[in-house]
Amino acid sequence: MKKCFFVVVGVLFTILVGAQNVVLDSISKEPIASVHISYGNQGIITNEDGYFELSKNEKKDSLLLSHVSYLPKYVNVLQLQANDTIYLKQVTINLDEVEIERINAKDTIIKGIHRIEDNYIDIPHNSFGFFRQSLEEDSSGIEMVEVEFIGYLENRTSKYRTKVTKARRTKNHSTIKFSTVGGVFSVIERGDVIKNKGLIFSLQKIDEYTFKYVGEINYNTYNVYKIEFYPKDNNDVKTFKKGFVYLDKKSLAFVEITYGIDEEKLAVLTRRGGMKINKKKPFFILKKIKNTIRYKKVLSEKWGLSSVEVNNVKEGRYKKLAKLYALNAKLIINHTKTKNPIPVKTNYNIEKDFSKAIRKIKRFEGWDNNYKISLSKRDLKVLNDIKSKE
């Protein structure tokens, strides 16, 4: 019976991949994940394997493919065939000596922070988006959740209100209870580091980091500065974020922020008791994290949230059990509405288990592909693992 099941899955996988287009690096021929594909005021992104699928219900003439590491490319939809391969060329980083002398990386970041009020949308608006989350326990899939939602933000200082319009999930098969609190709300509210600017660089703690100007690159239709950051003091375990910041050269708006953590520092902080642990209940220790937050122009010269990707690993312990949990979450804003926005209300309890909190959520039945973020090989493996457990 198991052999028959895996044969069927193999056929299904071929169908899913065969119906999609793929974006590859022009030199290495490797797939490019998280390429933003925009048409009009709509947008989707490629999955981990570089695949994307277009909706047949939406009219579109051309696509703009953009990624901070690659040159932008326009594609005529009429000339795009099913199963087409699109190649992108890597950007060339400009290291002009005059520019290097002129740019002070730390001061540029500080100026960008001060310009947040001017650069980012601060009027009531809706965000129409898609969210997928998968969870693995010791490399075996144990849960998947998909959600379509409408977000509403009155102004930058208010909280997102997130209304789930469509959702489906599998059962959670974790050995040690691992549940996600907040779901979409956690990713869109806490992941928007510009709205919550203290999450990355607060002006009070900016001196704790070293900033290094990497160069200037062409992104989409404008140029951006690429700046690396990392902790200044290797002995300060409470400062452990490191990554890259991309700022629009003209406005100094934050275009993308990618960061991880110093795993050795985090381990030291945990051993010192910096993280409270209740040994009478299952407890989880953060081991790894990598987040990517992207922004795009949504209103004239104003920027807004475009997508959030979260990848983290936690160790779960309870009594004699020890399990490693890998969580992968990806959220994309497909469309931002600024004219006559709908002031929606959150229709789930963000303090409870996200999977249990959503009403009328569908289970595993009929889990087909979703073009807004095509299922990747990893997603399909997670679904296969869950199906075998059921």
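Is Lys372 buried or exposed? Select Lys372 and check: with a relative accessible area of 16%, below the 20% cut-off, this lysine is buried. Keep in mind that you're looking at a predicted model, with a mean pLDDT of 83 and 86% of residues at 70 or more. You may want to hide residues 1–19, where pLDDT stays under 50.

Stay on Lys372 and add Glu148: the two form a salt bridge, with 3.3 Å between the closest N and O atoms. The partners sit 224 residues apart, Lys372 in the loop between α7 and α8 and Glu148 in strand β9. Glu148 counts as buried too, at 18% relative accessibility.

Next, slide along β9 to Glu146, whose side chain meets that of Arg168 in a salt bridge (2.7 Å, N to O). Arg168 belongs to strand β10, 22 residues from Glu146. Both are buried: Glu146 at 3%, Arg168 at 14%. Now add Arg132 and Asp379 to the selection, and you have one network joined by salt bridges that share partners.

Asp379 takes you to α8, where it is one of the buried residues. Pick Asp385 and Lys381 there: their side chains meet at 2.8 Å, N to O. They are four residues apart in the helix, so about one helical turn separates them. Asp385 is buried at 15%, while Lys381 is partly exposed at 37%.

Last stop: α3, residues 105–114. Color Ala105, Thr108, Ile109, Gly112 and Ile113, which are buried. They cover an arc of only 140° around the axis, so they lie on the same side of α3. Show what they pack against, including α4, β11 and β12.

Technical notes: Residues are numbered from 1 along each chain as its sequence is written. This is a predicted model: local features need pLDDT of at least 70, side-chain atom pairs count only at pLDDT 80 or more; totals for chains, interfaces and linings use all residues. Side-chain values use heavy atoms; hydrogens and water are left out. Buried means under 20% relative accessible area, exposed over 50%, partly exposed in between (1.4 Å probe, protein chains only). Helices (H or I, at least four residues) and strands (E, at least two) are DSSP runs, numbered from the N terminus. pLDDT is the predictor's confidence in each residue, from 0 to 100. Contact means heavy atoms within 4.5 Å. The arc is that of the directions from the helix axis to the C-beta atoms. A salt bridge is a side-chain nitrogen of Lys or Arg within 4 Å of a carboxyl oxygen of Asp or Glu.
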